[in-house]
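Welcome! Let's take a friendly walk through a protein model and see how its parts fit together. Have a look at the picture below before reading on.

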Amino acid sequence: MALMVSFVSVAVSILYTPFLLLILCVIFLASIGKSLGVRRLYVNILLKLFEYGRQHIEVAKRLQRNDSSDEEEPPTPDDKPPSAIIKENGVNGTKNSVIERQEILGPSPELNYKRSKSQERLQNGHVPEVKGEKNLEFHLHHCMDLVKAGMESIIEDQVTSVFEAEELRSWNLLTRTNRQYEFLTWRLTIIWFMGFVVRYFFLLPLRIFIFIIGVVTMITSLSLIGFLPDNKFRRYLAAIFYKISIRTLVRSMSCVTNFHDTQHAPKFNGFCVANHTSPIDVGVLSVNTCFSLIGQRHDGFLGLLQRALARASPHIWFERSEVKDRHAVARRLKEHISVADNPPILIFPEGTCINNTSVMQFKKGSFEVGGTIYPVAIKYDPRFGDAFWNSSRYGMLHYLLNMMSSWAIVCDVWYLPAMARASGESAVDFAKRVKAAIATRGGLVDLMWDGQLKRMKAKKEWRELQQEEFSKRLKGE
């Protein structure tokens, strides 16, 4: 025991100074927004490690299949159609769990699914005369698209699938992503063990320490700035320390962000609209731009950060009862964009986190107020760590622990050209247009469903619309 204590004390005395210098270096580089390229080098090494692991997994499974003479050899990718290969591989070696449907049951029948050709002919009155039958009669094939859509929804509906972690094509050497563990090779086991030691005994303590420094910096600096008189100097200091603390928090998760089309980044007052996967979205987008945030007031750790932010810059926090008052929210938004010096508002119109594969319905509130919309598409690479926050399963601290014990957080951010509401265009149509642009640029599936279905049942009027539509088909209307 004495030998172990002496060994630990010697190790701590040797590693203490390099560890402290490393933390100071990371914080200094984060404060000035610079990088030495170490994180990108680390990410490239991980990619080679994942490729090495994928090859060994494929070889081990091939040997297992050869040893099992009773099992039938599965078809190779060459035997599959191109659409199946694209569907199976997805983006960045991930599987897309959303079924691609041609006929979809949606909240609004006249807008959200394609009618069958037979139904279109019925509506246009071009029904061929059948001997012994009258036009506009009901035939069984008239409702087959509804039957098909219902069977697809039973197998895998489009709502619950986007609130589950994105499935990986190949194991990324994290225990939490290996749901059906089986021993393959000793080499992979050794690599996994070495990675476990590096992540939990080196990276995790380092990241927690940097995260604590970032939180203390944010709370202390912004609270002190809040005592200064409201002028340009105060806003300048608030923007500087806001970005310094955000950069420090982002570095605590080894976040590597690839920004594209930065000439379209929001520079003036308006609304920055983005798809929502994780609370990290705020940090990723705030590295280079100071935003005003909008959201519901929270207690605990998040509430502490919200109060610190509100002391130094014009953020918009609502009480729980006020969030449901759409007119009050619209009034606060109009008041904010009416001041030219206010920073742009960062808003996530989905209202909840989606699993990095899809974009769900955008709430129309921020699109009917007026002002310029700056669309942004965010896409995370799940091979390094699953950034999706399933708030119904994990609390904030558990989620942060998962992020800090992952390999890294790697994402791409695309800034799209500013968009404005066209004359005669409704807020709902404008929201759909912005959502479609974000989904297309980020390679995401564009869904019409409301993300709040995660927490509530389908609206009664949606069911009534589908029942009315089905009754029309039975009547042959």
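Which residues touch the most other members of the largest nonpolar core? In this predicted model, they are Leu 285, Leu 293, Leu 346, Val 376, Tyr 380 and Tyr 399, and the core holds 60 residues. Several elements give two or more residues to this core: H7, H8, strand S2 (271-274), helix H9 (280-285), helix H10 (300-312), strand S7 (373-380), helix H13 (396-404) and strand S8 (409-415). Let's zoom in on one member. Setting aside neighbours within four places in sequence, Leu 293 is in contact with Tyr 242, Val 282, Leu 309, His 315, Ile 316, Trp 317 and Leu 346. Apart from the largest nonpolar core lies another core, of 25 residues, including Val 273, Ala 330, Ala 427 and Phe 430.

Now step back to the whole protein. There are 15 helices and nine strands. The protein has 477 residues, of which 43% count as buried. Among contacts with a separation of 6 or more, 77% are between residues 24 or more positions apart.

Next come two helices that pack together. Helix H7 (residues 186-225) and helix H8 (residues 232-251) meet at an angle of about 170 degrees, and their axes are 8 Å apart. Because of that angle, H7 is roughly antiparallel to H8. On the H7 side, the residues in contact include Ile 210, Phe 211, Gly 214 and Val 215, while H8 contributes residues including Arg 234, Leu 237, Ala 238 and Phe 241. Sorted by class, the contact of H7 with H8 has 12 nonpolar, five polar and one charged residues.

Helix H10 is worth a look too. Its buried residues are Gly 303, Leu 305, Gln 306, Ala 308, Leu 309 and Ala 312. Their cover includes H7, H8, strand S3 (292-296) and strand S4 (316-318).

What about the aromatic rings? The structure holds nine aromatic pairs. Here are two of them:

| Pair | Arrangement | Centre to centre | Angle between planes |
|---|---|---|---|
| Phe 259 and Tyr 415 | stacked | 6.1 Å | 10 degrees |
| Phe 367 and Phe 430 | edge-to-face | 5.5 Å | 85 degrees |

The stacked pair links distant parts of the chain, as Phe 259 is in strand S1 (residues 255-260) and Tyr 415 is in strand S8, 156 residues apart. Is Tyr 415 buried or exposed? Tyr 415 has 3% relative accessibility, so this residue counts as buried. Its partner Phe 259 has 26% relative accessibility and therefore counts as partly exposed.

In the edge-to-face pair, both Phe 367 and Phe 430 are buried. Phe 367 lies in the loop between strand S6 (358-359) and S7, and Phe 430 lies in helix H14 (residues 427-442), so the pair ties together parts that are 63 residues apart in sequence. Elsewhere, ring pairs link Trp 192, Phe 196, Tyr 200 and Phe 201 into a cluster.

One last stop is Tyr 42, which sits in helix H2 (residues 38-67). What does Tyr 42 touch, not counting residues up to four places away in sequence? Tyr 42 touches Leu 203, Arg 207, Trp 407 and Ala 408. The C-alpha atoms of Tyr 42 and Ser 254 are separated by 9.5 Å, although these two residues are 212 residues apart along the chain.

Key:
Residues numbered from 1 in each chain as written. Predicted model: local features only at pLDDT ≥ 70, side-chain atom pairs only at ≥ 80, totals over all residues. Heavy atoms only, no water. Axes fitted to C-alpha atoms, helices over the stretch in contact; angles between N-to-C directions. Helix = DSSP H or I, 4+ residues; strand = E, 2+ residues; numbered from the N terminus. Parallel < 35°, antiparallel > 145°, perpendicular 65-115°, else oblique. Contact = heavy atoms within 4.5 Å. Nonpolar A, V, L, I, M, F, W, Y, C, P; charged D, E, K, R; others polar. Core = buried A, V, L, I, M, F, W, Y, C linked by side-chain atoms within 4.5 Å. Buried < 20%, exposed > 50% of the residue type's maximum accessible area, 1.4 Å probe, protein only. Phe/Tyr/Trp six-rings, centres within 6.5 Å; stacked < 30°, edge-to-face > 60°.
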